[in-house]
Amino acid sequence: MTNEKLNIGIILGSTRQGRVSPKVGEWVKGVANKRGDANYEIVDIADYKLPFFGTTDVTDPAIAAWNEKLSSLDGFVFIVQEYNHSITGALKNALDSAREAWNNKAAGIVSYGSTGGARAAEHLRGICAELLIADVKTHPTLSLFTDFENFTTFKPAELHLNNVNLMLDQVIAWSGALKTLRK
Ligand SMILES: Cc1cc2nc3c(=O)[nH]c(=O)nc-3n(C[C@H](O)[C@H](O)[C@H](O)COP(=O)(O)O)c2cc1C
């Protein structure tokens with residue numbers, strides 16, 4: 001084992017114009033950076049301009065770049081927003097657009113929606129199992145009613161900080177353990 005820091009990607013699940021996910025992702029990154037225990041980075045699916053899975057050749061450069069980014073990461077925090085009681089189509093497409101690069105890595109989920117994004121997060125957990133992503137228990141849930149002003153301006157309640165740190169504790173522990181499997 002080396003003392004190299006783990007690389008954790010904070011994946012923004014929405015690509016919608018006017019989305020709030022960058023604010024939520026930056027907030028999680030701010031909390032994470034204060035810990036100093038890993039290299040945390042925002043990974044914005046929108047930057048990769050992924051084609052709809054199956055509509056291009058598998059050698060598509062956008063898919064290759066997406067897989068290369070995921071391969072450089074040891075673990076993930078998914079920023080999940082609830083769309084029609086599930087995850088966004090963009091996040092599902094991004095999940096479908098890689099396989100080995102997801103395998104044997106850990107992930108935490110931070111979700112939001114009218115019921116804290118709980119239904120979307122539970123759907124994501126089923127997908128994680130198929131992709132051999134070990135999703136941790138602690139799951140900060142942000143409410144559109146109380147953590148956002150007018151459902152758009154992100155103002156997270158103080159009480160979520162503890163949960164974000166607990167979730168990160170679990171992601172770091174499992175990401176470190178699973179790294180040994182990939183060697
Ligand atoms: C197509 C669509 C479907 C939605 N469905 C739900 C839903 O089922 N449950 C819910 O709590 N919020 C729902 N919402 C509200 C979103 O969770 C909310 O707009 C959130 O800010 C979206 O995240 P984003 O701004 O990062 O895209 C929906 C929003 C959209 C655009």
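Start your tour by selecting strand E3 and showing its side chains: Gly75, Val77, Ile79 and Gln81 point one way, Phe76, Phe78 and Val80 point the other way, and all of them are buried. Keep in mind as you click around that this is a predicted model.

**Staying with E3**

Now bring back the rest of the chain around the strand, residues 75-81. Seven of its seven residues are buried, so E3 is largely enclosed by the rest of the structure.

**The strands paired with E3**

Which strands should you colour next? Begin with E1, residues 6-12, which runs parallel to E3 and is joined to it by five bridges. To find one of these pairings, pick Gly9: its bridge partner in E3 is Phe76.

Then colour E4, residues 105-113. Seven bridges join E3 to E4, and these two strands also run parallel. Here, select Gly75 and look across to Ala106, its bridge partner in E4. Next, trace the backbone from E3 to E4: the chain passes through helix H4, residues 89-96, and this β-α-β crossover is right-handed.

**The nonpolar core**

Which residues touch the most other members of the largest nonpolar core? Select Val28, Val77, Phe78, Ile79, Val80, Ala107 and Val171; they do so within a core of 44 residues. You have already met several of these names: Val77, Phe78, Ile79 and Val80 are among the buried residues of E3. In soluble globular proteins, nonpolar side chains tend to be buried together.

Centre the view on Val28. Leaving aside neighbours within four places in sequence, Val28 is in contact with Ile10, Val77, Ile79, Val110 and Val164.

**The ligand**

Move to the ligand and display the 13 residues around it. Ser14, Ser21, Gln81, Gly113 and Ser114 come nearest. Gln81 is a familiar face, as one of the buried residues of E3. Try colouring the shell by residue type: you should find eight polar residues, three charged and two nonpolar.

**Two loop residues with positive phi**

Finish with two stops in loops. Select Lys49, in the loop between helix H2 (45-48) and helix H3 (61-71). Lys49 is not a glycine, yet its phi is positive, at about 45°. Is Lys49 buried or exposed? Lys49 counts as exposed, because it has 11 C-beta neighbours inside 10 Å, and the cut-off for exposed is 12 or fewer.

The last selection is Phe151, in the loop between strand E7 (148-149) and strand E8 (153-154). Phe151 also has a positive phi without being a glycine, here about 65°. With 11 other C-beta atoms within 10 Å, Phe151 is exposed.

Technical notes:
Residues are numbered from 1 along each chain as its sequence is written. This is a predicted model: local features need pLDDT of at least 70, side-chain atom pairs count only at pLDDT 80 or more; totals for chains, interfaces and linings use all residues. A residue is near a molecule or strand if its C-beta atom, placed from the backbone, lies within 6 Å of it. Ala, Val, Leu, Ile, Met, Phe, Trp, Tyr, Cys and Pro count as nonpolar, Asp, Glu, Lys and Arg as charged, and the others, Gly among them, as polar. A nonpolar core is a set of buried Ala, Val, Leu, Ile, Met, Phe, Trp, Tyr and Cys residues joined through C-beta atoms within 7 Å. A residue is buried if 20 or more other C-beta atoms lie within 10 Å of its own, exposed if 12 or fewer, and partly exposed in between; C-beta atoms are placed from the backbone. Two residues are in contact if their C-beta atoms, placed from the backbone, lie within 7 Å. Helices (H or I, at least four residues) and strands (E, at least two) are DSSP runs, numbered from the N terminus. Two strands pair if DSSP finds at least two bridges between them. A crossover is right-handed if, with the strands pointing away from the viewer, the path from the first strand over the helix to the second runs clockwise.
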